[in-house]
Amino acid sequence: MSTLGIIGSGNIGTAIARLAVNAGVPVVLANSRGPESLASLVAELGPLASAGSIEQAAEAGDVVVLSIPLTAHTSIPASLLAGKAILDTSNYYPFRDGRVAELDEERLTTSELVLRHFPGAGLTKAFNNILAHHIPELARPTGSPDRSALPVAGDDAAAKSKVVRLIDQLGFDTVDAGPLAESWRFEPETTAYTRLYVADPSTPDEKLLESAAGPVSSERLNEALKNVEPVRVGARKF
């Protein structure tokens, strides 16, 4: 695959960058603090990683990972991602993002809201339903019997195919959850969100960030997505 642009150097963006360089995919990382803030991370990731501006990360390749807080997405000029396949890891967390009426009233899903700002792009939601430290724990080569699957949702079939190919390179199978309108099925507080990948189901919430990961097959994920109960977004606090 060509170079991968990654906008956002938080836990998820960094985890994806690690898998990418391990798979031989060059990455250009960017964040809101500037390339100099990424010097130590880039040095740790090795020669396939470089730091750049948000513009440089957006220009780097056909696929761009957008892994920033939801309220920050409008700070990225829409023109930068026109024609790109976006891998969007966004989640709506009211405790962090404040209340967003269109989401609370379920007029839009989180990624539909993000795509509205990037109308010229093809956006696929992925990597939002798994804890960052579980990403490297569960990544496996193609064909491994204990390979885990991640859900993807998107309206643009060509862009979704590019993202699926990338996710395969990174070490995961995928289950197509449908269009962005169905992406609520693996958003926070659903049964397909994070806990699905925790090895011990009895792990208390306060211990989740220390929890061991357990593989989730495509079949198990597909069943979880099919049977998930809707969560009333306006009632969410997390």
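# A walk through the predicted model

L38 touches S9, L29, A30, N31 and A51, when residues up to four places away in sequence are not counted. This residue is a useful place to begin, with the reminder that the structure is a predicted model. L38 sits in the loop that runs between strand β2 (27-30) and helix α2 (39-45). Its relative accessible area is 2%, and because anything under 20% counts as buried, L38 is classed as buried. Along the chain L38 and P69 are 31 residues apart, and their C-alpha atoms are separated by 18 Å.

One of the contacts of L38, L29, leads on to the interior of the model. The largest nonpolar core holds 48 residues, and the members that touch the most others are L4, L29, F127, I167 and F172. Helix α1, which covers residues 11-22, gives the most to this core, with seven residues. A second core, separate from this one, has 25 residues, among them I54, Y92, V114 and L115. Within the largest core, F172 can be followed in detail: leaving aside residues up to four places away in sequence, F172 touches L19, F127, I130, I135, L138, A139, R140, R147, S148, L150 and I167. Of these, F127 and I167 are also named among the core members that touch the most others, while L19 is one of the buried residues of α1.

Helix α1 deserves a closer look. At 1.5 Å a residue, its twelve residues should span 16 Å, and the C-alpha atoms at its ends are 17 Å apart, which agrees with that expectation. The helix is mostly covered, since nine of its twelve residues fall under the 20% limit for being buried. Those nine are I12, G13, T14, A15, I16, A17, L19, A20 and V21. Just after α1, G24 takes a positive phi of about 85°.

The same helix also takes part in the largest pocket, giving the most to its lining, with three residues. The volume of this pocket is about 720 Å³. A total of 27 residues line the pocket, and those closest to its centre are I12, N91, Y93, L131 and Y193. I12 is thus named both here and among the buried residues of α1.

N91, one of the residues closest to the centre of the pocket, is also touched by K125 and by T110, and these two residues introduce a group of polar side chains. K125 lies in strand β6, which covers residues 122-125. With a relative accessibility of 0%, K125 counts as buried. Its side chain makes a polar contact of 3.2 Å with the side chain of S111, and another, of 3.5 Å, joins the side chains of K125 and E187. Apart from residues up to four places away in sequence, K125 touches D88, S90, N91, T110, S111, P151, V152, A153, L180, S183, F186 and E187.

T110, which appears in that list, belongs to helix α6 (residues 110-117). T110 is buried as well, with a relative accessible area of 2%. The side chain of T110 makes a polar contact of 3.3 Å with the side chain of E187, so that E187 has side-chain polar contacts with both T110 and K125, each within the 3.5 Å limit. With residues up to four places away in sequence set aside, T110 touches L70, S90, N91, Y92, L103, K125 and E187. Y92, found among these contacts, is included in the second nonpolar core.

Note on methods:
Residues are numbered from 1 along each chain as its sequence is written. This is a predicted model: local features need pLDDT of at least 70, side-chain atom pairs count only at pLDDT 80 or more; totals for chains, interfaces and linings use all residues. Side-chain values use heavy atoms; hydrogens and water are left out. Helices (H or I, at least four residues) and strands (E, at least two) are DSSP runs, numbered from the N terminus. Buried means under 20% relative accessible area, exposed over 50%, partly exposed in between (1.4 Å probe, protein chains only). A polar contact is a pair of N or O atoms within 3.5 Å; within protein, one must be able to donate a hydrogen and the other to accept it, and residues adjacent in sequence count only if both atoms are side-chain atoms. Contact means heavy atoms within 4.5 Å. A nonpolar core is a set of buried Ala, Val, Leu, Ile, Met, Phe, Trp, Tyr and Cys residues joined through side-chain atoms within 4.5 Å. The expected span of a helix is 1.5 Å times one less than its number of residues. On a 1 Å grid over the protein atoms alone, a cavity is a set of points where a 1.4 Å probe fits but cannot get out, and a pocket is an open set with protein on both sides within 12 Å along at least five of seven lines; lining residues have an atom within 4 Å of a point. Grid points are joined across faces, edges and corners, and a volume is the space filled by probe spheres set on the points.
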